Amino acid sequence: MSLQGNTASFSLAELLQLLNINQYSGTLRVSNQHNTHRLFVRRGEVNMLPWSRGRDQEFSEFLLKEEQITRPQLEKVRPLIEEGQGTLRSAILQLGFLNREEIRGLMRKLLEEELYETFMWEGAFFDFQRNIYAPEYHQ
């Protein structure tokens with residue numbers, strides 16, 4: 001089953017309410033002229049937004065903005081990533097700049113900001129694919 005439409009005629013809040021009432025699970029893709037966000041829905045609840053290694057730059061900028069890491073600390077992290085010794089998150093953990101719970105909390109905060117941003121898009125296109133998940137959902 002697929003639900004498609006435009007938020008100008010059916011708001012994202014209405015769509016999420018429909019998914020919640022019917023306890024649907026799957027992937028919701030919302031796109032505007034500049035961005036696409038995917039939300040994973042489990043039994044009607046937004047479970048998470050995808051996180052991929054390609055988002056390390058965005059996360060590092062967020063950490064700097066939130067003053068959770070300094071530029072000199074970030075410069076110490078980069079060689080570990082470039083040498084293939086893991087992701088930004090694992091390198092920050094390895095060097096002891098943040099602990100696992102702090103990283104999870106900051107990732108959650110960034111994803112929440114992204115979700116709220118999605119609600120502000122006017123005239124965005126949405127496409128919900130029931131019981132279909134992107135590979136990163138299973139990571």
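**Reading strands and helices**

Mentor: Let's start with one pair: the bridge partner of Leu 28 is Phe 128, which lies in strand 5. Before going on, note that this is a predicted model, where local features need pLDDT of at least 70 and side-chain atom pairs count only at pLDDT 80 or more, while totals for chains, interfaces and linings use all residues. Residues are numbered from 1 along each chain as its sequence is written, and side-chain values use heavy atoms, with hydrogens and water left out.

Trainee: Which way do strand 2 and strand 5 pair, and over how many bridges?

Mentor: Two strands count as paired if DSSP finds at least two bridges between them. Here strand 2 and strand 5 (residues 125–130) have six bridges and pair in the antiparallel sense. Strand 2 (residues 26–31) also runs antiparallel to strand 3 (residues 36–42), again with six bridges.

Trainee: What joins strand 2 to strand 3?

Mentor: A hairpin does, through four residues. Beside it, Ser 31 has Thr 36 of strand 3 as its bridge partner, and Val 30 is matched with His 37 in strand 3.

Trainee: How many residues of strand 2 are buried?

Mentor: Buried means under 20% relative accessible area, exposed over 50%, and partly exposed in between (1.4 Å probe, protein chains only). In strand 2, five of the six residues are buried, so the strand is largely enclosed by the rest of the structure. For the whole protein chain, buried residues come to 38% of the 139 residues.

Trainee: What is the order of helices and strands along the sequence?

Mentor: Helices (H or I, at least four residues) and strands (E, at least two) are DSSP runs, numbered from the N terminus. This chain has five helices and five strands, and the pattern reads β-α-β-β-β-α-α-α-α-β.

Trainee: Which residues of helix 3 are buried?

Mentor: An α-helix has 3.6 residues a turn, so residues three or four places apart point the same way. In helix 3, the buried residues are Leu 74, Val 77 and Leu 80. Seen down the helix axis, they fall within an arc of 110° (taken from the directions from the axis to the C-beta atoms), so they line one face of helix 3. Arg 71, Pro 72, Lys 76 and Glu 82 are exposed on the other side. Cover for the buried face includes helix 2 (56–65) and helix 4 (88–95), where contact means heavy atoms within 4.5 Å.

Trainee: What comes after helix 3?

Mentor: Gly 84 follows, with a positive phi near 80°.

Trainee: What should the 21 residues of helix 5 span?

Mentor: The expected span is 1.5 Å times one less than the number of residues. Helix 5 (residues 100–120) should therefore span 30 Å, and its end C-alpha atoms are 31 Å apart, which agrees. Its buried residues include Ile 103, Leu 106, Leu 110 and Glu 114.

Trainee: What do the buried residues of helix 5 pack against?

Mentor: They pack against helix 1 (12–21), strand 2, strand 3, helix 2 and helix 4. Strand 2, then, turns up twice: in the packing of helix 5 and as the antiparallel partner of strand 5.
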